[in-house]
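Let's take a walk through this model together, beginning where two chains meet and then moving on to what is packed inside. Keep the 3D view open as you read.

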Amino acid sequence: MQLQNIYIGSSSCVSIQETFDNPLWFESLKPLTKEPMKVLAPDYKKFLDPTATRRMSKVLKNSLLTARQAMEQQGIAELDAVITATAWGCQEDTTKFLDSFESMGEELLSPTSFIQSTHNTIGGLIAMSVKCNGYNNTISHDFMSFETSLLDAVLLMRENKQAMNCYVGGIDELTDFSAGIFTKAQCFNDAHPVAEAATCFIVHNNEAQKKAVKLSNIALTQSLDQTVLDLIQQNKPDLILSSSVIASDVPVFDYRGLCGEFTTASAFGLYLAVELLTKASAKSAVGVSVAVLKKIAIINVYPEGRCSYLEVEAC
Amino acid sequence: MTWITGIGAVSAIGLDVASNYKSLLESKDGIGYTEYIDTYHKRILPVGEVKLSNEQLIDLLSLDKRDIYSRTELLSIKAASEAYQHAHLGEVKDRTRIAFISGTSVGGMDLSERYYKGYELEGKKELVTKFRKHGCYKHTESAAKALNVQGISTTISTACSSAANAIIYGARLIDAGMADIVIAGGVDPLSKFTINGFNSLKILDTEPTRPFDDSRVGLNLAEGAGYVVLESEQSMKQRGIQPLGRLLGYANTCDAYHQTASSPEGKGAVLAMSRALELAGIQPSAVDYVNVHGTGTQNNDLSEGNALKTVFNGKVPSFSSTKSYTGHTLGASGGIEAAYSLLAINNGVVYPNLRFKTSIADLGLIPQQQVEYKTVNVVLSNSFGFGGNNTSLVFGR
């Protein structure tokens, strides 16, 4: 679907790179290892009230932090919608609660880890922290969680017509337990280590507000089929961010070589696209050799089928 | 707004829409002790369990017995197939124009909790299958595949409002022209995880639940699945199919008050109901029946009751909680109750709120107490979740 008047205003990311609170993170890239890689944890005390966040898992803290930072950068104190994409949800609390009744029996259990185990915990907490009574949705659809969340924001703004600021986050957590299973079961492509991230965007439809890039197209198909190839042909992006082999003349950069492999990695792909279109020094730092960069497509192919095409343009 | 051309439901009160409807009219609940879950609470906490084992469901659905299925997948395929057949979707040629949007709270948790301790010992193939099935998305993809539906598919996980939000997502896809037909709803299985989770919150009743009664102490956890077929006017006319009703309005809001409890005045609930009616272009006085969220907890019913009084300005229409029949099916409830809402419209009937005796002291609201046949043009259906997720849907003739 060709989009009009939809923008990404600002973004924030906690990842295995030093992306958080560091605008020039790409100048000191961390090499990927073979082992599962966890995010570089920010100094939480510096940004979050330690008492209020004492019982929160890492994924909740990272989500709150990135949401607040993106809002700050956008210069907004309120949100109209909170849309969270997470394939595996709050793994740490889920396993903690499973372990608690396995080890302590089913009486006298503490509810804390159960309360924090549901996928919508993240969106609920963000809404509470910024007192957002508006639209609140959580989408959990494996490798398409982030794309279908972005589409949710687009459809919401299309329907509402008035100016809106939507938080759209792509969040996945790696625990020692899930890292063990992902590795043993080879759930993902072997080319990159399994990893995690919390990446978010302020997506809006307000021409007058701060705009980083324009979100110009979003398409979801059954596979990397002719529809997608036709989109590349017609829209002529200068660069494709993808981990798949794509039959076209457009250069392809595998962004998972920077962020690792996880179900909402395409959110990092979009984050990188924004960085590439807005920061002149990013291109050479990450190793993209394209002379003119105005339009980027992010193509994500699901191991079990299905494919997404996102496209952003410089403003 | 979109049309509805099919419904499907499986719950503790019936394996299909017809048997659910029969139980509703006979005031027959499905609450009892679990047959299939090995929990300490199995003879303490009654639940709303679907009266078929996984093996029986596999047989009924003619699935390959050699595969491993989560109960989530089985219940989803069961109810979605019914909605699919009801709307005659087998005859639709362009399969890419049919989308499948489903909601669930815990996905394949029933498998995960049984097997996660042994993961290290498993062979690779079994491990991949079982662990993949934990994901919320898996039942959606399995059902879409079983029905050869090739349009957009995604999964919503907003706890108890999951199915209702899936219906909203589906309606928007049709409005934007990204699908002609959407199978939308939700599913949740009973699991040791959720039984213990809700029990740790001390909101489960050891007796059949009494929604909106002054003596209510909690909910009965339950399982099931419910789906509706949403369809664009053009597609419906082209296929020459009779609609069951329309989705007139909807709203998703957030209470943003507490992680598990609702605000006493029901702020998010008021916003959800009033915005849904506003989008429908309907005055509150035109609502004939409200299928309330009505879990039977102290907190929900008081908060929802206050919200109803606010939205309807004191003149609350006929309302009932059908969770007094089914128990609380979590992510499935919005789908099952959408099916009940459409049955109410098509048959001109409202269902009683079972076991009601005394109205909540601070509220003075009396729910529907008997089966009553009357004209039902507009139904408001509420699904309010854990995490502050409030969704209201408005169905019409």
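A good place to start is the contact between the two chains, which takes 60 residues from chain A and 70 residues from chain B. Please keep in mind that this is a predicted model.

How much area is buried between chain A and chain B? The figure is about 5,600 Å², and carbon and sulfur atoms give 58% of it. On the side of chain A, the residues that lose the most area to chain B are A:E106, A:F114 and A:N133, which together account for 13% of what that side buries.

Now for the polar side of the interface. Between chain A and chain B, 29 residue pairs are in polar contact, counting pairs with both residues at pLDDT 80 or more. The rule also finds two salt bridges across this interface. A salt bridge joins B:E141 to A:R306, and their closest N and O atoms are 2.8 Å apart.

Which elements of chain A supply the side that touches chain B? At least two residues each come from helix 3 (91–104), helix 4 (112–115), helix 5 (121–130), strand 3 (135–139), helix 6 (145–160) and helix 7 (176–185) of chain A. Helix 3 of chain A gives the largest share of that side, with eight residues. Sorted by residue type, the side of chain A that touches chain B holds 27 nonpolar, 21 polar and twelve charged residues.

Let's turn to the packing of nonpolar residues. The largest nonpolar core has 147 residues, and the members that touch the most other members are A:L241, A:L272, A:L276, B:L173 and B:Y351. Helix 10 (residues 265–278) of chain A brings the largest share of this core, ten residues. To see the packing around one member, centre your view on A:L272: beyond its neighbours within four places in sequence, A:L272 is in contact with A:W25, A:L241, A:F253, A:Y255, A:L258 and A:V286. Another core, of 32 residues, lies apart from the largest one, and its members include B:A79, B:A144, B:I183 and B:Y227.

One last stop is B:A146, a residue of helix 6 (residues 137–146) of chain B. Why does B:A146 count as partly exposed? Its relative accessible area is 47%, and partly exposed is the class between under 20% for buried and over 50% for exposed. Along the sequence B:A146 and B:V10 are 136 residues apart, while in space their C-alpha atoms are 17 Å apart.

Definitions and conventions. Residues are numbered from 1 along each chain as its sequence is written. Chains are lettered from A and ligands numbered from 1 in the order in which they are written. This is a predicted model: local features need pLDDT of at least 70, side-chain atom pairs count only at pLDDT 80 or more; totals for chains, interfaces and linings use all residues. Side-chain values use heavy atoms; hydrogens and water are left out. Contact means heavy atoms within 4.5 Å. Buried area is the accessible area (1.4 Å probe) that two parts lose on being put together, summed over both. A salt bridge is a side-chain nitrogen of Lys or Arg within 4 Å of a carboxyl oxygen of Asp or Glu. A polar contact is a pair of N or O atoms within 3.5 Å; within protein, one must be able to donate a hydrogen and the other to accept it, and residues adjacent in sequence count only if both atoms are side-chain atoms. Helices (H or I, at least four residues) and strands (E, at least two) are DSSP runs, numbered from the N terminus. Ala, Val, Leu, Ile, Met, Phe, Trp, Tyr, Cys and Pro count as nonpolar, Asp, Glu, Lys and Arg as charged, and the others, Gly among them, as polar. A nonpolar core is a set of buried Ala, Val, Leu, Ile, Met, Phe, Trp, Tyr and Cys residues joined through side-chain atoms within 4.5 Å. Buried means under 20% relative accessible area, exposed over 50%, partly exposed in between (1.4 Å probe, protein chains only).
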